[in-house]
Amino acid sequence: MSDHDHDHESSAALSNRVKTLVAQLEQRDLLTEAKLDATVETFLLKATPANGGRVVARAWVDAAFKQRLLDDASAAVAEIGIDMSHWAPVKLRAVENTDREHNVIVCTLCSCYPIALLGPSPAWYKSAEYRSRTVREPRAVLAEFGVALPPDVRINVWDSTSELRYIVVPRRPQASEGLSEAELAALVTRDGLVGTALL
Ligand code: FE
């Protein structure tokens with residue numbers, strides 16, 4: 001099943017299919033339910049926006065890292081010890097906000113989202129309204145999130161897929177000079193990483 005089919009199947013039918021699959025894998029000694037639970041738990045415990053915060057803070061303090069991040073985000077994220085191996089072959093792309101351009105991410109077809117770096121996605125990200133309107137009228141949607149951009153700032157909308165996910169590198173807040181990398185990371189919010197908030 002491709003990632004973009006999940007919205008089109010009832011959750012009960014999906015749940016039954018997963019149970020059947022797990023039972024078959026157990027029968028063949030390919031998997032135990034306990035091991036599956038442990039894997040999912042570890043993943044969810046590690047999947048938080050603090051990871052995205054670490055990536056962004058490093059990019060703010062290290063221009064060479066930022067360039068590597070923009071060139072190949074999957075590799076740059078691995079470089080700072082965030083394990084995304086469970087995620088292959090999905091690619092990550094980082095897009096940088098500047099004084100001329102603002103970036104916002106969406107999945108128009110379903111709810112593709114870089115969970116490993118941002119944690120579980122919020123309900124609004126999965127809503128039909130956000131998914132459709134962000135592409136059509138991004139400036140209005142952003143205004144509703146409280147993001148008022150000057151008219152000359154270009155808005156780029158990035159449509160996530162099962163092969164390619166995005167993370168926004170927000171602009172570094174003014175008056176953040178002298179903060180440590182860890183303190184900078186703590187300034188980065190989940191919505192900032194989606195592009196629906198400024199820092
Ligand atoms: Fe999706």
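Before we start: a residue is called buried under 20% relative accessible area, exposed over 50%, and partly exposed in between. Keep in mind that this is a predicted model.

**Exercise 1. Find out where Ala-175 sits, classify its exposure, and check its phi angle.**

Step 1. Ala-175 is in the loop between strand 4 and helix 10 (181-187).

Step 2. Its relative accessible area is 74%, so Ala-175 is exposed.

Step 3. Now the backbone: Ala-175 isn't a glycine, yet its phi is positive, about 65 degrees.

**Exercise 2. Do the same for Asp-29: which loop holds it, and is the residue buried or exposed?**

Step 1. Look between helix 1 (11-27) and helix 2, and you'll find Asp-29 in the loop there.

Step 2. Asp-29 has 71% relative accessibility, so it counts as exposed.

Step 3. Its phi is also worth a look: about 60 degrees, positive, in a residue that is not a glycine.

**Exercise 3. Work out which element gives the largest share of the negative surface patch.**

Step 1. List the members. Glu-26, Glu-33, Asp-37 and Glu-41 gather in this patch of negative charge on the surface.

Step 2. Assign them. Helix 2 (residues 33-46) supplies three residues, the largest share.

Step 3. Check one member against the accessibility cut-off. Patch residues need over 30% relative accessible area. Glu-33, which is in helix 2, has 43% relative accessibility and so counts as partly exposed.

**Exercise 4. Trace the salt bridges around Arg-133 and say which residues end up in one network.**

Step 1. Start with Glu-129. Its side chain meets that of Arg-133 in a salt bridge, 3.1 Å from N to O. Both residues lie in helix 8 (residues 128-136), four residues apart, which is about one turn of the helix.

Step 2. Compare their surroundings. Arg-133 has 12% relative accessibility and therefore counts as buried, while Glu-129, with 48%, counts as partly exposed.

Step 3. Go on to Glu-137. Arg-133 also forms a salt bridge with the side chain of Glu-137, this time at 2.6 Å (N to O). Glu-137 has a relative accessible area of 31%, so it is partly exposed.

Step 4. Join the pieces. Through shared partners, salt bridges tie Glu-129, Arg-133, Glu-137 and Glu-144 into one network.

**Exercise 5. Which strands does the salt bridge between Arg-154 and Glu-101 link, and how many residues apart are the two partners?**

Step 1. Get the total for context: a search of the whole structure turns up nine salt bridges.

Step 2. Check the distance. The side chains of Arg-154 and Glu-101 meet at 3.6 Å, N to O, and the cut-off for a salt bridge is within 4 Å.

Step 3. Place the partners. Arg-154 is in strand 3 (residues 154-159) and Glu-101 in strand 2 (residues 101-106); they're 53 residues apart, so this pair links distant parts of the chain.

Step 4. Add exposure. With a relative accessible area of 28%, Glu-101 is partly exposed.

**Exercise 6. Describe the setting of Arg-165: is it buried or exposed, and which backbone oxygen does its side chain reach?**

Step 1. Arg-165 lies in strand 4 (residues 164-169).

Step 2. A relative accessible area of 7% is under 20%, so Arg-165 is buried.

Step 3. The side chain of Arg-165 reaches the backbone oxygen of Tyr-113 at 3.2 Å.

Step 4. As a last distance, take Arg-54: it is 111 residues from Arg-165 along the chain, and their C-alpha atoms are separated by 18 Å.

Terms used: Residues numbered from 1 in each chain as written. Predicted model: local features only at pLDDT ≥ 70, side-chain atom pairs only at ≥ 80, totals over all residues. Heavy atoms only, no water. Patch = residues over 30% accessible without salt bridge, like charges linked within 9 Å, V, L, I, M, F, W, Y side chains within 5 Å. Areas by Shrake-Rupley, 256 points an atom, 1.4 Å probe, with all protein chains shown as cover. Lys, Arg positive; Asp, Glu negative; His and termini not counted. Charge placed at Lys NZ, Arg CZ, Asp CG, Glu CD. Helix = DSSP H or I, 4+ residues; strand = E, 2+ residues; numbered from the N terminus. Buried < 20%, exposed > 50% of the residue type's maximum accessible area, 1.4 Å probe, protein only. Polar contact = N/O pair within 3.5 Å; in protein donor to acceptor, adjacent residues only side chain to side chain.
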